[in-house]
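Hello,

Here is the structure I promised to pass on. Please open it first; my notes follow below.

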Amino acid sequence: MDWQPVIYCLLPINPFGFQSGYHALERYLVHPDSILYYRARARYSELYAVGFFFDDQVFRAKLAQNINPNLNIGAEYHATNTDGFYNNQQYSDRKGAVFAWYESPSKRYNLLSNFTFNTLDATENGSVRNDTLFRDTSSNTSPSRYPVRLDGIQSNRPYNKWKDLGFFLRQSYYLGRIDTVSGKVRMLRFIQPIS
């Protein structure tokens with residue numbers, strides 16, 4: 001019978017390096033090693049926006065462009081805002097990256113680099129005090145009027161604030177033989193064994 005201990009499943013995905021111990025907001029971060037690089041023939045752009053007329057907003061923008069055939073640069077930005085349903089349930093994040101990819105004309109040397117930043121703000125409310133609001137749906141009371149366990153205001157409210165800066169640089173040099181396609185078209189011959 002194959003089994004895995006539960007503790008193993010709770011470990012962070014990348015166990016190497018310094019661990020601050022704060023993993024609650026980690027899935028919302030932009031990590032330096034998770035940036036996508038593009039080999040674009042034309043400018044690449046991506047724009048995503050949801051909910052500008054509501055209390056919840058999500059916005060993402062990405063741009064990538066080849067400066068010359070060997071150098072590609074780009075940037076991405078993510079922003080999220082929400083007021084939440086109950087007191088002290090606000091959340092906002094601002095995160096982004098600037099990245100570059102250089103490949104030498106000989107195709108042997110590669111340089112990947114990026115700079116990332118993250119700013120996440122999440123307030124805590126400790127849940128609602130009385131859970132009868134889920135059973136009694138006849139009242140039209142606003143959810144923000146229900147009392148919560150952690151009801152501090154202004155500077156006394158409990159919250160998580162995460163600020164993070166990262167820089168990533170990776171160089172590689174290929175020593176082996178590089179396969180290239182010449183201008184001539186070759187006919188490939190397939191040899192089939194006779195049985």
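Start with one strand pair. Strand 3 (residues 71–82) and strand 4 (residues 91–103) run antiparallel to each other and share twelve bridges. Within strand 4, Ser92 sits opposite Asn81. Please keep in mind that this is a predicted model.

Now the sheet around that pair. Six strands form an open sheet in the order 1-2-3-4-5-6, and the pairing is antiparallel. Strand 1 (44–50) and strand 6 (159–173) are the edges, each with a partner on one side only. From one strand to the next, the twist averages 5°. As a general reminder, strands of a sheet pair through backbone hydrogen bonds, either parallel or antiparallel.

Next, the chain as a whole. The protein chain has one helix and six strands. Read from the N terminus, the elements go α-β-β-β-β-β-β. The protein chain counts 195 residues, and 23% of them are buried. Take the contacts between residues at least 6 apart in sequence: 58% of these join residues at least 24 apart. The exposed area of the protein chain is about 15800 Å². Carbon and sulfur atoms account for 57% of that area.

The surface has a feature to look at. Val98, Phe115, Leu165, Phe167 and Leu169 make a nonpolar patch of about 550 Å². Which strand gives the most to this nonpolar patch? Strand 6 does, with three residues. Strand 6 is also one of the two edge strands. Val98, another member of the patch, belongs to strand 4. That is the strand that pairs with strand 3 over twelve bridges.

Last, a residue at the other edge. Val50 lies in strand 1, which pairs on one side only. Is Val50 buried, partly exposed or exposed? Its relative accessible area is 38%. Buried would need under 20%, and exposed would need over 50%. Val50 therefore counts as partly exposed.

Val50 also has contacts beyond its close sequence neighbours. With neighbours within four places in sequence left aside, Val50 touches Asp56, Gln57 and Val58. Arg60 is ten residues from Val50 in sequence, and the C-alpha to C-alpha distance between Val50 and Arg60 is 9.3 Å.

For a first look, I would put up the pair of strands 3 and 4, then the nonpolar patch, then Val50 in strand 1.

Best wishes

Methods. Residues are numbered from 1 along each chain as its sequence is written. This is a predicted model: local features need pLDDT of at least 70, side-chain atom pairs count only at pLDDT 80 or more; totals for chains, interfaces and linings use all residues. Side-chain values use heavy atoms; hydrogens and water are left out. Helices (H or I, at least four residues) and strands (E, at least two) are DSSP runs, numbered from the N terminus. Buried means under 20% relative accessible area, exposed over 50%, partly exposed in between (1.4 Å probe, protein chains only). Contact means heavy atoms within 4.5 Å. Accessible areas come from the Shrake-Rupley method with a 1.4 Å probe; for residues, only the protein chains shown count as cover. Two strands pair if DSSP finds at least two bridges between them. Axes are lines fitted to C-alpha atoms, for helices over the stretch in contact, and angles run from 0 to 180 degrees between N-to-C directions. Patches are made of residues with over 30% relative accessible area and no salt bridge: like charges are joined within 9 Å, nonpolar side chains (Val, Leu, Ile, Met, Phe, Trp, Tyr) within 5 Å. A salt bridge is a side-chain nitrogen of Lys or Arg within 4 Å of a carboxyl oxygen of Asp or Glu.
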